[in-house]
Amino acid sequence: MTMICDELFDVIVVGGGHAGCEAASAAARLGALTALVTLSLDLIGQMSCNPAIGGIAKGHLVREIDALGGIMGRVADRTGIQFRLLNRSRGPAVQSPRAQADRALYRTEMRSTLENTPNLHLRQGMVVDLLVEKGKVVGVVMQDGRRMGSAAVVIAAGTFLNGLVHTGRRTYTAGRAGEPASIELAEALKRLGFPVGRLKTGTPPRLDGRSIDWDAFQSQDGDERPIPFSFSTESIDQAQIKCYIGYTTQTLHETIRKNLHESPLYSGQIKGIGPRYCPSIEDKVVKFADKQRHQLFLEPEGHDTNEVYLNGFSTSLPAAMQQDLVRMIPGLEEARIVRPGYAIEYDYVDPQELGPDLQCHRISGLFHAGQINGTTGYEEAACQGLLAGINAAAFVKGRQALRLRREESYIGVLVDDLIRQGVDEPYRIFTSRAEYRLALRHDNADERLRGYGRDLGLVGDSDWERFHQRRERISKLKAILRGTRLRKSDAAYLAVTETLSMDLGDSISLEDLARRPGINAELVLRLLPRATSGTVTIADLETALADNLYAGYIKAQETVIQRLNHNDATPIPRGLDFRTLNGLSHEMVERLERTRPITFGEARNIPGLTAAALANLYVAANLAPNRP
Amino acid sequence: MDTIVAVATPPGRSAIGVIRLSGPQSLDIIRALIRDDKFTPEPNRILLKKIVRPSNEPLDYALVSYFEGPNSFTGEDMVEISCHGSPVILRQLLDLIQSLDARLAGPGEFTLRACRNGKMNLSQAEAIRDLINAQTDAAAVQAARQLRGELSIALQPAKDKLINIIVKLESALEFVEDDLPDVQVKEMTRELAEVRRTIHELASTYSSGHLLREGLKVTIIGRPNVGKSSVFNRLLRLERAIVTEIPGTTRDSITESVSLGGIPIFLTDTAGIRRAGDKIEEIGIERSQRAMADADLLVVVIDGSTGLLPEDLIVLSQAAERRHLIAVNKSDLPEASCIEDQLSDLSPVVHLSALTGEGFENLTTAILAPFATVDTEGVGLLVTDSRHYDLLRRTESSLEGSLVDLRDGSSEELVLVGLHNALRFLGEITGETTTEDILSEIFSTFCIGK
């Protein structure tokens, strides 16, 4: 390095949100001397929007983060105040854990986790520029003039890049309400040639819990048997709270519609694209005008605060108007707003700039993670942070990058979607994004990913040992399910056939029985041989049963996908110059160069690539002399 | 890359039969076959060689040509062996070559290799396929239609409905905390059954569509001297386009290709059938019967001027088990008796005169009637491609699986497996994805080694 730096690190992580925390923790634990630079050390791990972790598919991500050795799951388990497994009435693959967390506790816990990580150094300040030499990142410049050198930089700036907050017609630059935006860093990225777009997201008002008529709402309890996110968590120790469900009214809808001109969303003031699956209340009453009422959740923000999050009421209407509107909700007639809701526009960088390791093609050693890549959500951010942190450390140490495949993880699905297709609205994970949904369950994330975490060095001995024990218990349990038959002569037989209203013949193995719709783990547990039933946990049994339930479907699906795509694994030579391919239009070449597919399957998934272009690419891939 | 082998000439007895090899072992294999380790032929030349069995007995004298890669059809080293066209010899030689480490080529594999080696691209391959397969105007029209995406367009409403169902189920899974309407299983079952029916109906046009592409085998039979050959010749004269004489047929029956109503017809005239009087006749009759066995439709010719004779009844009894129609010839002469009254046969009867041509329009219509359920030259879209047919069938069976899951009350994610698979299969037709399998399937429509 030619320039003089105030401090030297292996890896610098810019941003202390959910992506930044995972990135810094992973890089440091993998032996890289790491700095986490953030605008405010007091707001590390801040949940900017709703105080909850997980949800459908998002819960899967958290469990995958945990299986790889990340920290989000553990922190959420220690600070969660209401745990619910969603989709309980459906199959195990689409069940997903979600937890309300105590917002302040989560921050404290996350910060202390980072502070107790060797090799990791927290620094407060604003990064305004990147130091780049010959296409390689070599450090960052701080607002106060400090220069920090490093071989790798992870940018996890969240909504701060050129952040612009809207409430009514008023706008001001901010990263989050009350915090400064990162204007210079956003400009620096543009200067470096990154294609930058504009996205929008929003957040609802927070209410004073003392001003709410709680009896007017329907209460919602957490699960009696909370399912933790982390495979290492043995018990959930936080006292559990209730949430509350309420509804909007027609009068409220009418009032919003009459005042749409006050909304920056409808006045044309907001240019960024917001997420369709998380609409503001303005959007809801305009686009679903025939809906009589919209559902709202009152989510207490923690044990030691009166603040209540009004989930479902995201809005960018003027603050004073928000107060009036909230009071039109039955039970909130007297409610006082503590913090108004707002919309925020921010810059994101086209994630097609990245490789599967989240490193930029344009500048080596530079990684992007989280909202800068056009995603939304804490879990989406955290898993990218983890991957970027792991790969930044790998880059520094000259080790092979970790790359996760679509068929083995939601993280793989997410990254693959981002880098192949880019985004045109804030990207959120869904189970339907995963072709192999049935194989990617929240409860088998350990089976899928623990090995990677261990090989990397992020999974400690005791966790590894625990994983092996669980694996062994499940395999034994499967043998028992296969070997145990329910017979006509058994006392339980009649009850089971009545439950199913189905003839089961003279006898049926528990393995076959458990595949029938309507049979749950509790019932199977009662049918197990007496000698084993006492030692079996529901969690292990559910995993064994889920493996059993889906095995046939997964196999059939694999056959279909392979039949259709059996050439997908054909590698495309790294150095292949797409311009030399016969008959490829300029546009096709551009698309290929942007995505840099590694396999034919990836190329096949590039939107807009014609069949003829693919055929030519296929021929070229097969012609490559250095094919293994 | 391994070495592949296949018979390049059509199955059956012929003057010569060609076996083709492609791959790095080609030269070594021919060396072993002719027992000459040093055999290094000049490329593109034809040499006469003795092929020897492992037992040291000669198998055949054959013409051997060597094509050196990359200047060959596939771009690899290739050898062509032209031997005598006996199926037995070809079979034995093929077995022998396979024992020397060559693998029997999959359908279209020679062309696939040509494509891989840059000898041909996908569009060229498709163009070749269409050229080869567009045997008649109507087939060409259908091929052009499919290229224009009419099948995709025809599938679109069903696909939209399917997507709609998927959307409903997916959102029920993904947005469990939102206040969504419950999935109406009954209504969804009905919608899904409708999609399946549409797919099924489209798939059912394949028999007609297939006909357009592959042609219809029509064999004319009858006792001697009823005018079979006259009917045959008259049918050929109906269309100006007599395509080719089909090689490899026996002297006893003649096959010609003709287009009737836009459908390619392979018309076979057979030796007359009667109770065998001597050995030679027996052989001729046997061949006629073989030609009958291959036919999609038999035309039984009867002489209307003589009325039904016992020999006609023998012929009719032989045709009874097969799809057939009855042509009462010589309508220019007075009819001896009402033929219809004497027939227990329920097959269609057409009166005609090969001499005047009277009644041949009716014959054409009758020949096509059982096959052409859809107006082949009109607006109806037919599935002509076996790949499309296969995909539609798979779509249908995936949808059926989902219907069973729905009925059993399985969870949404299981119902969705079949729906997504169905969509993948449909996507293969609507052309939104291209895979190795599509390439392979396209090549599969080529005859091996063409």
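In which sense, left-handed or right-handed, does α2(A) pass α10(A)? In this predicted model, α2(A) passes α10(A) in a left-handed crossing. Helix α2 of chain A, which spans residues 58-68, packs against α10(A) at an angle of about 25°, and the two axes lie 9 Å apart. Because of that angle, α2(A) counts as roughly parallel to α10(A). On the side of α2(A) the contact is made by A:Lys58, A:Leu61, A:Val62, A:Glu64, A:Ile65 and A:Leu68, while α10(A) contributes A:Glu379, A:Glu380, A:Ala382, A:Cys383 and A:Leu386.

A further helix of chain A, α1 (residues 18-29), also packs on α10(A), with axes that come within 7 Å and cross at roughly 30°. This angle makes α1(A) roughly parallel to α10(A), but here the crossing is right-handed. From α1(A), the residues A:His18, A:Ala19, A:Gly20, A:Cys21, A:Glu22, A:Ala23, A:Ala24, A:Ser25, A:Ala26 and A:Ala27 take part, and they meet residues of α10(A) that include A:Tyr378, A:Ala381, A:Gly385, A:Gly389, A:Ala392 and A:Ala393.

In soluble globular proteins, nonpolar side chains tend to be buried together. The largest nonpolar core of the model has 169 residues, and those with the most contacts inside this core are A:Val11, A:Val13, A:Val14, A:Ala23, A:Ala27, A:Val154 and A:Ala392. Helix α10 of chain A, which covers residues 378-397, gives the most to this core, with 13 residues. Apart from the largest core lies another, of 37 residues, among them B:Val226, B:Ile263, B:Leu297 and B:Leu363. When neighbours within four places in sequence are left aside, the contacts of A:Val13 are with A:Gly20, A:Ala23, A:Ala24, A:Ala27, A:Thr34, A:Ala35, A:Leu36, A:Val37, A:Val154 and A:Ala156.

One of these partners, A:Val154, belongs to strand β11 of chain A (residues 152-155), a strand that is covered on both faces. In a regular strand the side chains alternate between the two faces of the sheet. In β11(A), A:Ala152 and A:Val154 are buried on one side, and A:Val153 and A:Ile155 are buried on the other. Strand β2 of chain A (residues 11-14) runs parallel to β11(A) and is joined to it by four bridges, with A:Val153 of β11(A) as the bridge partner of A:Ile12. Strand β22 of chain A (residues 366-368) is likewise parallel to β11(A), through three bridges, and in this pairing A:Val154 stands opposite A:Phe367.

Antiparallel pairing is found elsewhere in chain A, where three strands form an open sheet in the order β4-β6-β5. Its edge strands are β4 (52-54) and β5 (80-86), each of which pairs on one side only, and the twist averages 20° from one strand to the next. Six bridges link β5(A) with β6(A) (residues 96-101) in the antiparallel sense, and A:Leu85 has A:Pro97 of β6(A) as its bridge partner. A second open sheet of chain A has six strands, again with antiparallel pairing, in the order β16-β17-β18-β19-β15-β20. Here the edge strands are β16 (218-220) and β20 (337-339), and the average twist from one strand to the next is 35°. Within this sheet, β17(A) (residues 243-247) and β18(A) (residues 295-300) pair in the antiparallel sense over four bridges, and A:Gly246 stands opposite A:Leu296.

In chain A, helix α3 (residues 72-79) is largely enclosed by the rest of the structure, because eight of its eight residues are buried. These residues carry a variety of names, including A:Met72, A:Arg74, A:Val75, A:Asp77 and A:Arg78. Helix α3 of chain B (residues 109-116) is also largely enclosed, since eight of its eight residues are buried; among them are B:Glu109, B:Phe110, B:Leu112, B:Arg113 and B:Cys115. B:Gly118, which follows α3(B), has a positive phi, near 75°.

Chain B as a whole contains 16 helices and 13 strands, and 42% of its 450 residues count as buried. Among contacts in chain B between residues at least 6 apart in sequence, 67% join residues at least 24 apart.

Notes: Residues are numbered from 1 along each chain as its sequence is written. Chains are lettered from A and ligands numbered from 1 in the order in which they are written. This is a predicted model: local features need pLDDT of at least 70, side-chain atom pairs count only at pLDDT 80 or more; totals for chains, interfaces and linings use all residues. A nonpolar core is a set of buried Ala, Val, Leu, Ile, Met, Phe, Trp, Tyr and Cys residues joined through C-beta atoms within 7 Å. A residue is buried if 20 or more other C-beta atoms lie within 10 Å of its own, exposed if 12 or fewer, and partly exposed in between; C-beta atoms are placed from the backbone. Helices (H or I, at least four residues) and strands (E, at least two) are DSSP runs, numbered from the N terminus. Two residues are in contact if their C-beta atoms, placed from the backbone, lie within 7 Å. Two strands pair if DSSP finds at least two bridges between them. Axes are lines fitted to C-alpha atoms, for helices over the stretch in contact, and angles run from 0 to 180 degrees between N-to-C directions. Angles under 35 degrees count as roughly parallel, over 145 as roughly antiparallel, 65 to 115 as roughly perpendicular and the rest as oblique. A crossing is left-handed if the near helix is turned anticlockwise from the far one by less than a right angle, and right-handed if clockwise.
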